[in-house]
Amino acid sequence: MNTQKSFTASLSSLLERYCNEPLLSSLLSDLNKMNDSEKKAVSQARVESKELNIIENSFLENIKTRCKQELPAREYGELIIEIGNLCISFGEFSHAKECYGDAVAIAKDNSRFSDIAGRALVKRSEINIRHTAWKASLQDLRDAQRFYSKPKNILGLADVESNSGVLYASQGNLKKAYGHFKKALSLYEKVKNADMTSTTLMNLGIVANIKGQYNDAVTFFQRALPQFEQAGDMARLPEVHHNLGMALLSKRDYEAAITQFDESLTYSTRLSFEPMIGISLLGKASAYAKYGDNILSIAYTNNALNIFRKLNDHLSIADAYKLKGVVQREMKNLDIAEIYLQTSIRLNTEHNNLLNLGESLYELGLLYKARNDKSKSSDALKKSMTYFKSVGAEQDLQLAKAELSRLN
């Protein structure tokens, strides 16, 4: 797929919806003139000129400037949020954050646009969560709640609760995450929003899976999946297939898990949605590691890691290093395994991801056990138990306790 053409085509479709014919024609004419001028200048230059990225090559900043001048404030706010969403789908997170910031600015001095500001802040919080900017994300959600509370925007408040759940789940705080998701579910049901009710069921499934309630998790995901399919929600289908794969992986149904990861990859590749491609590749890598196919696991992990680095996704990078450590440990390369696991521990510590930190320490404990270093193994396992207990990961806690008891 030509990424530039796909982005440009999607952007053009947005402009057609928001711009009248004279404005659209004028915009396209100006963009074509700028494009021709740029190409002519580059062709005559005596120095090498690097290819522009998809944002610059689409003259997005120029489009935003012109639309802000020509469109009513509300329409421009709606457009700029949709452009931000488009940027996210192509992995252009910094540009998306700029768009959401522009939308918030519109509503600062005009309460009539509080819904636009709230939506933009909720979307920006999602990027901050992805980049482990916890404080910035929490501030976005608090500001969004303030914009939504005065007009009693129930749907907006539900979105705030939902993203708050995602924030705390990403940090491994399952108790707080569960509470926010339950509030979100109640609000979405109150306004009869079937799509977000399904999304919240999916999030509750994720929490159940982490807590070790695997059958409940599968049930949550299976309830959500047909509703997404019926609605034709292409953006959510790869996510729910991935999550169902993770639950089946926890149940040790590896073939079924790989099938679900492949389903997720089919949809996310069709959408060019790199974040989901990355985590589904890592899911497959985990399944092959469980199978004992270490070579395939390493290959899929490396492919996923390349995507995570491009997206600056620190938590997923930490997950990938944890898996690489586990695989190297199983291959008896204990020194290499320790390097990977210690790197995962460092990253999770830096970004305060308590659940993943506990998981990496648990795997490190098993590594020290393989070295017959009972003291270090005991220390790592005890630390992992502290983190598992703090986030409510009961199944992981019991596994760590069992390993510790076998040391003594």
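**Exercise 1. Helices α11 and α12**

Work out how helix α11 (residues 194-210) and helix α12 (residues 214-231) are arranged in this predicted model, given that their axes come within 8 Å.

*Solution.* Begin with the general approach, in which two packed helices are described by the angle between their axes and the distance between the axes. For α11 and α12, the axes cross at roughly 160°. Angles over 145 degrees count as roughly antiparallel, and α11 and α12 are therefore roughly antiparallel to each other. The handedness completes the description, since the crossing of α11 and α12 is left-handed. Turning to the residues that make the contact, α11 contributes, among others, Leu201, Met202, Gly205 and Asn209, while α12 contributes residues including Tyr214, Ala217, Phe221 and Phe228. Sorted by class, the residues of this contact of α11 with α12 comprise 12 nonpolar, 5 polar and 3 charged.

**Exercise 2. Asparagine 209**

Decide whether asparagine 209 is buried or exposed, and find its contacts beyond four places in sequence.

*Solution.* Asparagine 209 belongs to helix α11. Its relative accessible area is 12%, and because buried means under 20%, asparagine 209 counts as buried. Once neighbours within four places in sequence are set aside, asparagine 209 touches Tyr214, Ala217, Met246, Ala247 and Ser250. Of these partners, Tyr214 and Ala217 are also among the residues through which α12 meets α11.

**Exercise 3. Helices α19 and α20**

Describe the packing of α19 with helix α20 (residues 374-391), starting from the angle and the distance between their axes.

*Solution.* The two helices pack at an angle of about 160°, and their axes lie 8 Å apart. That angle makes α19 roughly antiparallel to α20. The crossing in which α19 passes α20 is left-handed. On the side of α19 the contact includes Leu357, Leu361 and Tyr368, and on the side of α20 it includes Ala380, Tyr387 and Phe388. The class count for this contact of α19 with α20 is 12 nonpolar, 5 polar and 4 charged residues.

**Exercise 4. Asparagine 356 and helix α17**

Establish where asparagine 356 lies and what it contacts, then check the span of helix α17 (residues 314-330).

*Solution.* Asparagine 356 sits in helix α19 (residues 354-370), and with 9% relative accessibility it counts as buried. Apart from neighbours within four places in sequence, asparagine 356 is in contact with Leu315, Asp319 and Asn348. For α17, the 17 residues at 1.5 Å a residue should span 24 Å, and the end C-alpha atoms are 25 Å apart, which agrees. Helix α17 is mostly covered, with 14 of its 17 residues buried. After α17 comes lysine 332, which has a positive phi near 70°.

Notes. Residues are numbered from 1 along each chain as its sequence is written. This is a predicted model: local features need pLDDT of at least 70, side-chain atom pairs count only at pLDDT 80 or more; totals for chains, interfaces and linings use all residues. Side-chain values use heavy atoms; hydrogens and water are left out. Helices (H or I, at least four residues) and strands (E, at least two) are DSSP runs, numbered from the N terminus. Buried means under 20% relative accessible area, exposed over 50%, partly exposed in between (1.4 Å probe, protein chains only). Contact means heavy atoms within 4.5 Å. The expected span of a helix is 1.5 Å times one less than its number of residues. Axes are lines fitted to C-alpha atoms, for helices over the stretch in contact, and angles run from 0 to 180 degrees between N-to-C directions. Angles under 35 degrees count as roughly parallel, over 145 as roughly antiparallel, 65 to 115 as roughly perpendicular and the rest as oblique. A crossing is left-handed if the near helix is turned anticlockwise from the far one by less than a right angle, and right-handed if clockwise. Ala, Val, Leu, Ile, Met, Phe, Trp, Tyr, Cys and Pro count as nonpolar, Asp, Glu, Lys and Arg as charged, and the others, Gly among them, as polar.
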